[in-house]
Amino acid sequence: MLKRTRSMVCLCIAAALSAPSINANTLELPDIGTTASSTLTIDQELIYGDAYMRMLRSSQPIVNDPVLNEYISGLGHRLVANADDVKTPFTFFMIRDRNINAFAFFGGYVALHSGLFLHAQSESELASVVAHEIAHVTQRHLARSMEEQARRSPATLAALAGSLLLAIASPQAGMAAITATTAGSMQGTINYTRSNEKEADRFGIATLAKAGFEPKAMPRFFGRLADEYRYASKPPPMLLTHPLPEDRITDSRARAQNYPARRLDPSLNYNLARARIVARYAGIQAKAAHDWFDRTEKKAAPGVKAAFQYGRALVHLDNNELDEANKILQLLIKGDASNHFYLDALSDLYIAQKQADKAQQMLEKAMKASPNNPVLTINYANVLIKLEKNQEALRVLQRYTHDNPNDVNGWQLLSEANIHLGQSDEDLAARAEILALKANWNKAIQYYTQASQLAELGSLKQARYDARIDQLMVQRERFLALQ
């Protein structure tokens, strides 16, 4: 992964200034040279959001895990389908960070820290956090905060966007940036933020109820968070950006009482996602992970016991204890043959056992029931590469990257398949797309230029590379001009 040496403050302001690759020729750029006098348009918010997401990919440990991404996206879009005032598409993603935090920004992007899963005790509690962040987007709180601050300060829209985006992702640095940008107006900012938080709670609880989750999960989760860190010298980032005074918790409890009480059975998929995070993204040793599974399983409902077995299987698999992993996974898949968590793990196991052909047969059967599913498709392409069926893998991945252009996994596998086939130009093109997703325009253009030089003169392939170079150059020039 490429490293960036600029400060985080500069990073976020640069993100606010950069331009997207999607619809780059049709969207009007925001006027960032003047004081914000009115709320940003939706098109402008999409521009800021796309740019900031690219910078996050370059600077943060984003989890590119197909199974977890499918779970988070499914949960998020179930909530979005029941939210009011939705004006943008939504993208949900995870950052590998043990700190409890979640944040939303322009363009419908919602980030969840992996540590959030370890603190939320049910799917409804996790959903309550996601619903709250969705409400921040639908109610356009970031744009409204910029407008409010612009009334108090001569700061440009770009400076305000940079400091506010930084504040939601990196609270200590962000608050310092806002102070510098809007000197003397912090109290008004805090008050405005608190009103936003209550409004997000109100809309979030309504969304929770409509989506079939427990409305009381929100005050329960926030109340436990406030109690746990009430006297902490270093509270988690979530409490810095989402303050939890007693009146806010009381208000959310009262609002939740207005909805019918709902008791849900524990979600197996939520617990599977949680187990996968403990096994692979919590940064703990195998023994500590096993201890966590043993300790937590004792308090778990019978219907989710399989999740702890799954977590143990992943730890065994990642430590090359293949026989132990196989025993567990075979029992799990026998009881739930279409579960994507299990299919993904078994695919990795068969590859580790040098039996990739078994993985191919298993995945082909699963794909008949769920064609074009991202989890199954990515695993299938990976298996084909391991079986040295690279031409077949290319056909799968070319369609996949067309349908999922923002998924780094697809481009990485496409690069690998082309390397095996000795197609250096296509390898360079795939790697260039990964660089573009991280806003590294210069390197992306360089790779596409090299690919064009390797292609046959006057060929359709060379024309495709040259057209992409032109697109990337437009994006780069707009980025530089706006800085």
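In this predicted model, the buried residues of helix α15 are Ala 307, Phe 308, Tyr 310, Gly 311, Arg 312, Ala 313, Leu 314, Val 315, His 316 and Leu 317. Helix α15 is thus mostly covered, with ten of its 14 residues buried. These buried residues pack against four helices, namely α13, α14 (286-297), α16 and α17. The end C-alpha atoms of α15 lie 21 Å apart, which agrees with the 20 Å that 14 residues should span at 1.5 Å a residue. Just after the helix, Asn 320 takes a positive phi of about 60°.

Ala 306 also belongs to helix α15. With a relative accessible area of 23%, Ala 306 is partly exposed; the cut-off for a buried residue is under 20%, so Ala 306 does not count among the buried residues of the helix. Leaving aside residues up to four places away in sequence, Ala 306 touches Leu 268, Leu 332 and Tyr 342. The C-alpha atoms of Ala 306 and Gly 335 are 9.7 Å apart in space, although 29 residues separate the two in sequence.

Tyr 342, one of the residues touched by Ala 306, is among the buried residues of helix α17. Eleven of the 13 residues of α17 are buried, so this helix is largely enclosed by the rest of the structure. The buried set consists of His 340, Phe 341, Tyr 342, Leu 343, Asp 344, Ala 345, Leu 346, Ser 347, Leu 349, Tyr 350 and Ile 351. Its packing partners are α3 (66-80), α13, α15 (305-318), α16 (322-335), α18 (356-369) and α19 (374-386). From its first C-alpha to its last, α17 reaches 18 Å, close to the 18 Å expected for its 13 residues at 1.5 Å a residue.

The packing of α17 (residues 340-352) against α13 (residues 268-280) occurs at an angle of about 35°, and the two axes are 11 Å apart. On the α13 side the contact is made by Leu 268, Asn 269, Leu 272, Ala 273, Arg 276 and Arg 280, and on the α17 side by Phe 341, Tyr 342, Asp 344 and Asp 348. By character, these residues divide into five nonpolar, one polar and four charged. Leu 268 and Tyr 342, both part of this contact, are also touched by Ala 306 of α15.

An unreviewed UniProt entry carries the annotation "repeat: TPR" over residues 340-373. In the model, the chain over residues 340-373 is 79% helix and 0% strand, and the C-alpha atoms at its ends are 10 Å apart.

The strands of the model form an open sheet of three, in the order β1-β3-β2 and with mixed pairing. β1 (91-95) and β2 (102-105) stand at the edges and have a single partner strand each, so one side of each is left without a neighbour in the sheet. From one strand to the next, the twist averages 20°. Pairing of β1 with β3 (residues 109-113) is parallel and extends over five bridges, whereas β2 and β3 run antiparallel and are joined by four bridges. Ala 111 in β3 has Phe 93 opposite it, and Phe 103 also stands opposite Ala 111. The hairpin formed by β2 and β3 has three residues between the strands, and Gly 107 in the turn has a positive phi of about 85°.

In a regular strand the side chains alternate between the two faces of the sheet. In β2, Ala 102 and Ala 104 point one way and Phe 103 and Phe 105 the other way; all of them are buried. Two helices lie across the sheet strands. Helix α2 (residues 42-59) lies across β1, β2 and β3 and runs at about 140° to β2. Helix α5 (residues 123-138) likewise lies across β1, β2 and β3, but at about 25° to β2.

Over the whole protein there are 24 helices and three strands. Of its 483 residues, 57% count as buried. Among contacts between residues at least 6 apart in sequence, 65% join residues at least 24 apart.

How values were computed
Residues numbered from 1 in each chain as written. Predicted model: local features only at pLDDT ≥ 70, side-chain atom pairs only at ≥ 80, totals over all residues. Heavy atoms only, no water. Pairing = 2+ DSSP bridges. Axes fitted to C-alpha atoms, helices over the stretch in contact; angles between N-to-C directions. Contact = heavy atoms within 4.5 Å. UniProt positions renumbered as here; feature names shortened; annotations may be inferred. Nonpolar A, V, L, I, M, F, W, Y, C, P; charged D, E, K, R; others polar. Expected span 1.5 Å × (residues − 1). Buried < 20%, exposed > 50% of the residue type's maximum accessible area, 1.4 Å probe, protein only.
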